[in-house]
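Please look over the structure shown here. A short report on its strands, charges and backbone follows.

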Amino acid sequence: RPPPAAVNTAAASLSVKANGTSSGTAANARTSPPRRTMLGRPIDSDAPTGTPTSTEGLSEPVELPWAEVPGTIPLVHVHGFAISGSYLLPTARALAHRATTVVPDLPGYGRSAAWGHALGIPSLAWALLEVLDALDLQQVVLVGNSMGGPVSLEVAHSAPERVAGIVLASPAGGMHNQPLARALAQLMRDAVRESPRMARVAVPDYLRFGPVNGLHLFGELMRFPSLERLLRTPVPTLAVIGSRDPLMPPPWRIQEVGRLAPPHLTVAVIEGAAHAMNFSHPGELAHVIGCWLDGREITDDPGQPGVARVLEIRRGDAEAQPGQP
């Protein structure tokens, strides 16, 4: 959470405009950093897409387009380190038919206003909770990639009643990414494994974020206790790892550590995927997420690149059973 000097009290009233105009009241006003304008990305899908959502919070509005499916638990896609939510759109589009879908740019990223310094994981989690308040989303499923994984876990630990489930697609942080030199080498190896199209999306965002902010936040991310948060996740959680992701531990290590995890953690592997699977393997990832959300067996979609399978984790003598939101 930001230091006390940087906080004041959020207004409880809000107004939401999407597929028409409606209004509501935030469930709880929260103490928070002064709000900058926060934006998101338009989502093209078969689902009706709302006009840019405008919410009135503290001093400035929050605007982010979304795809709305009434009567569903919304899916909120949370982007990774130093990059906007634009690279998450392929997976968001693939899932937008089944639930209201939101892809925000967190403060200081993409089209959202800069803060002058990089917010840490707890502050980004607090900002994400403010987005949920501002949009009057009482309970959501968070779909986080890379740094978006620790941010999602932090939200779930601080407000588990707001989170129906978490999907961690290549969650970053922790011992496997330490020290910093090792993490930087892992990033370099991953860069050549990603789709060449990813560079056109990522490089402008990285340049905008800046090297000073990047090094500061990257160091904090590597020190973040992602494993501890994951092993104590209070909500149903799906972790999806790519077989070609150098930032993730090997499957045997995940199976070994997974013995300590609660039974509501499910782990799946997408063969051939690197770190940014939301961009490179959106169809397969969306299929895995859809199976998990529906409580069905996670199987491979033969029509999509990559091969998905559940990573078997045995806790004692019993085989892990998938937990579902």
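The report takes the strands first, then the salt bridges, then the charged surface and the backbone.

## Strands β8 to β11

The model is a predicted one. Start with strand β8, which spans residues 75–78. Which of its residues are buried on each side? L75 and H77 are buried on one side, and V76 and V78 are buried on the other. Both faces of β8 are thus covered. In a regular strand, side chains alternate between the two faces of the sheet.

β8 has pairings with β9 and with β10. Strand β9 covers residues 101–102. It runs parallel to β8, and 2 bridges join the two. V76 has V102 of β9 as its bridge partner. With β10, β8 pairs in the parallel sense over 4 bridges. Here V78 stands opposite G144 of β10.

Strand β10 takes in residues 140–146. How many of its residues are buried? The count is 7 of 7, so β10 is largely enclosed by the rest of the structure. β10 also pairs with β11, again in the parallel sense, over 7 bridges. In that pairing, V143 has V167 of β11 as its bridge partner.

S146 belongs to β10. Its relative accessible area is 9%, so S146 is buried. S170 lies in β11. S170 is buried too, because its relative accessibility is 0%. S146 and S170 are 24 residues apart along the chain, yet their C-alpha atoms are separated by 5.3 Å.

## Salt bridges

Side chains of opposite charge can pair when their charged atoms come close. How many salt bridges does a search of the whole structure find? The search finds 5. Three of them are listed below.

| Pair | Closest N to O distance |
|---|---|
| R162 and D133 | 2.9 Å |
| R309 and E271 | 2.9 Å |
| D294 and R296 | 3.2 Å |

Take R162 and D133, which meet through their side chains in a salt bridge. The pair links distant parts of the chain, 29 residues apart. R162 sits in the loop between α3 (148–158) and β11 (163–171), while D133 sits in helix α2 (residues 121–134). Are these two residues buried or exposed? Both R162 and D133 are buried.

The side chains of R309 and E271 also meet in a salt bridge. R309 lies in strand β14 (residues 307–310) and E271 in strand β13 (residues 265–271), so this pair ties together parts that are 38 residues apart in sequence. R309 has a relative accessible area of 34%, so R309 is partly exposed. E271 is at 28%, so E271 is partly exposed as well.

D294 forms its salt bridge with R296. Which residues are linked with these two in a network? R98, D294 and R296 are linked in a network of salt bridges. D294 is partly exposed because its relative accessible area is 41%. R296 is partly exposed, also at 41%.

## A positive patch

Which residues form the positive surface patch? R182, R189, R193 and R244 form it. R182 is in helix α4, residues 180–191. At 38% relative accessibility, R182 counts as partly exposed.

## Positive phi and a further contact

Most residues other than glycine have a negative phi. A82 has a positive phi, near 60°. A82 is in the loop between β8 and α1 (89–95). It is buried, because its relative accessible area is 5%.

S170 also has a positive phi, near 55°. This is the β11 residue described above. S170 is buried, at 0% relative accessibility.

P251 is in helix α8, which covers residues 251–258. At 31% relative accessibility, P251 counts as partly exposed. P251 and A268 are 17 residues apart in sequence, with 9.8 Å between their C-alpha atoms.

## In brief

Strand β8 is buried on both faces and pairs in the parallel sense with β10. β10 in turn pairs with β11. The R162–D133 salt bridge joins buried residues, whereas R309 and E271 are partly exposed. Positive phi values occur at A82 and S170.

Notes
Residues numbered from 1 in each chain as written. Predicted model: local features only at pLDDT ≥ 70, side-chain atom pairs only at ≥ 80, totals over all residues. Heavy atoms only, no water. Patch = residues over 30% accessible without salt bridge, like charges linked within 9 Å, V, L, I, M, F, W, Y side chains within 5 Å. Areas by Shrake-Rupley, 256 points an atom, 1.4 Å probe, with all protein chains shown as cover. Salt bridge = Lys/Arg side-chain N within 4 Å of Asp/Glu carboxyl O. Lys, Arg positive; Asp, Glu negative; His and termini not counted. Charge placed at Lys NZ, Arg CZ, Asp CG, Glu CD. Buried < 20%, exposed > 50% of the residue type's maximum accessible area, 1.4 Å probe, protein only. Pairing = 2+ DSSP bridges.
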